[in-house]
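Me: Got a minute to go through the pockets and the ligand site with me? I'd like the short version.

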Amino acid sequence: MKPNNFIIIGNWKMQLAFNEEIEFCTENIAVLRSLSKKSPQLTMVICPSFPALAPITHIVKNTNVYVGAQDCSPFRSGAYTGQVCAESLSQIGCHFCIIGHSERRHYNHETDKEIADKAQRLLEQELQPIICIGETQKEYEAKETFSILERQLEPVLKRIADFELSELPIYIAYEPVWSIGTGIIPSSKYLNEVFAWLEKYTSKILGKTRITGLIYGGSVSEKAAPILKKVPAISGLLVGRASLDFQKFNNIVNLYSI
Ligand code: PGA
């Protein structure tokens, strides 16, 4: 089942250092507040880097803007130097967390099993996972998209289906790796096919009543947003680079808050 709200998530990655992140958020908070209140059908989430999470949850207090982390540990607690547990994210006021981003799959060699563990850790803390999936250029050219998506989704969705404590909405962000940061947007015909497959596959594993938002990510811009708006199964956008250009982010959000 689709969520009622359209969701727009800004993934700030590691583009800014701590001071710049705080400055960017403080400078734009008035506009963010009014954008987030403009439409009750729109949920806005910003995902800064770990050190900025706690201060940014304070800056966005009393707005409808939510804060999400870009990753979490697959473990609950223990001797895992450098990792951040889902419980800490919850304690500092995060509501969402991106997991399985292709940059983490690539640079940190994350496995589908670890991503399933992360989803479970998040749901235990009542945080909403944003699960990223997507095929590489090579896999796309070899027409392997659906087998890749199935391989990435099966362990995490089965884990969620088995984890009965939580009925929280979950989000799946389809981000073709060949589209991230390249300015290339898949055609709406291709997106319609992929999202139709995603709808069918997620409801097969999770059932039709589990609230599942299907998101698109990869080179989302003010130019691409009107094309993406024509794909009815898309119920959210994951915005990287354009989320740090406030004029662009503003224009994207405006398009969906009408
Ligand atoms: P991009 O990044 O919008 O800069 O392509 C999207 C993402 O990686 O989440």
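**Pockets, ligand and cavity**

Reply: Sure. This is a predicted model. The largest pocket has a volume of about 570 Å³.

Me: Which residues are closest to the centre of that largest pocket?

Reply: Phe50, Gln70, Asp71, Arg104 and Asn108 are the closest to its centre, out of 24 lining residues.

Me: Which helices supply at least two residues of that lining?

Reply: Three are on the list: H2 (50-59), H4 (102-107) and H5 (112-124). H4 gives the largest share, with three residues.

Me: And how does the lining of the largest pocket divide by class?

Reply: Nine residues are nonpolar, eight polar and seven charged.

Me: OK, the ligand now. Which pocket does the ligand sit in?

Reply: The second largest pocket. That pocket holds about 360 Å³ of space.

Me: What lies nearest the centre there?

Reply: Gly181, Ser219, Gly240, Arg241 and Ala242, from a lining of 21 residues. By class, that lining has five nonpolar, eleven polar and five charged residues.

Me: Which residues are around the ligand itself?

Reply: Asn11, Lys13, His101, Glu175, Ile180, Gly181, Gly218, Ser219, Val220, Leu238, Gly240 and Arg241. This shell has three nonpolar, six polar and three charged residues.

Me: Lys13 is in that shell. How many Å from a ligand oxygen is an N or O atom of its side chain?

Reply: The Lys13 side chain has an N or O atom 2.7 Å from an oxygen of the ligand. For the Asn11 side chain, the distance from a ligand oxygen to an N or O atom is 3.5 Å. Ser219 uses its backbone: an N or O atom there lies 2.7 Å from a ligand oxygen.

Me: What percentage of the ligand's accessible area does the protein cover?

Reply: 96% of the 280 Å² that the ligand has on its own.

Me: Changing topic. How many cavities of 30 Å³ or more turn up in the whole structure?

Reply: One. The largest cavity has a volume of about 40 Å³.

Me: What lines the largest cavity?

Reply: Trp12, Phe24, Cys25, Leu32, Ile46, Ser243, Phe246 and Phe249. Seven of the lining residues are nonpolar, one is polar and none is charged.

Me: Which helices each supply at least two residues there?

Reply: H1 (18-38) and H10 (246-256). H1 has the largest share of the cavity lining, three residues.

Conventions: Residues are numbered from 1 along each chain as its sequence is written. This is a predicted model: local features need pLDDT of at least 70, side-chain atom pairs count only at pLDDT 80 or more; totals for chains, interfaces and linings use all residues. Side-chain values use heavy atoms; hydrogens and water are left out. A residue is near a molecule or strand if one of its heavy atoms lies within 4 Å of it. A polar contact is a pair of N or O atoms within 3.5 Å; within protein, one must be able to donate a hydrogen and the other to accept it, and residues adjacent in sequence count only if both atoms are side-chain atoms. Accessible areas come from the Shrake-Rupley method with a 1.4 Å probe; for residues, only the protein chains shown count as cover. On a 1 Å grid over the protein atoms alone, a cavity is a set of points where a 1.4 Å probe fits but cannot get out, and a pocket is an open set with protein on both sides within 12 Å along at least five of seven lines; lining residues have an atom within 4 Å of a point. A molecule sits in a cavity or pocket if more than half of its atoms lie within 2 Å of its grid points. Ala, Val, Leu, Ile, Met, Phe, Trp, Tyr, Cys and Pro count as nonpolar, Asp, Glu, Lys and Arg as charged, and the others, Gly among them, as polar. Grid points are joined across faces, edges and corners, and a volume is the space filled by probe spheres set on the points. Helices (H or I, at least four residues) and strands (E, at least two) are DSSP runs, numbered from the N terminus.
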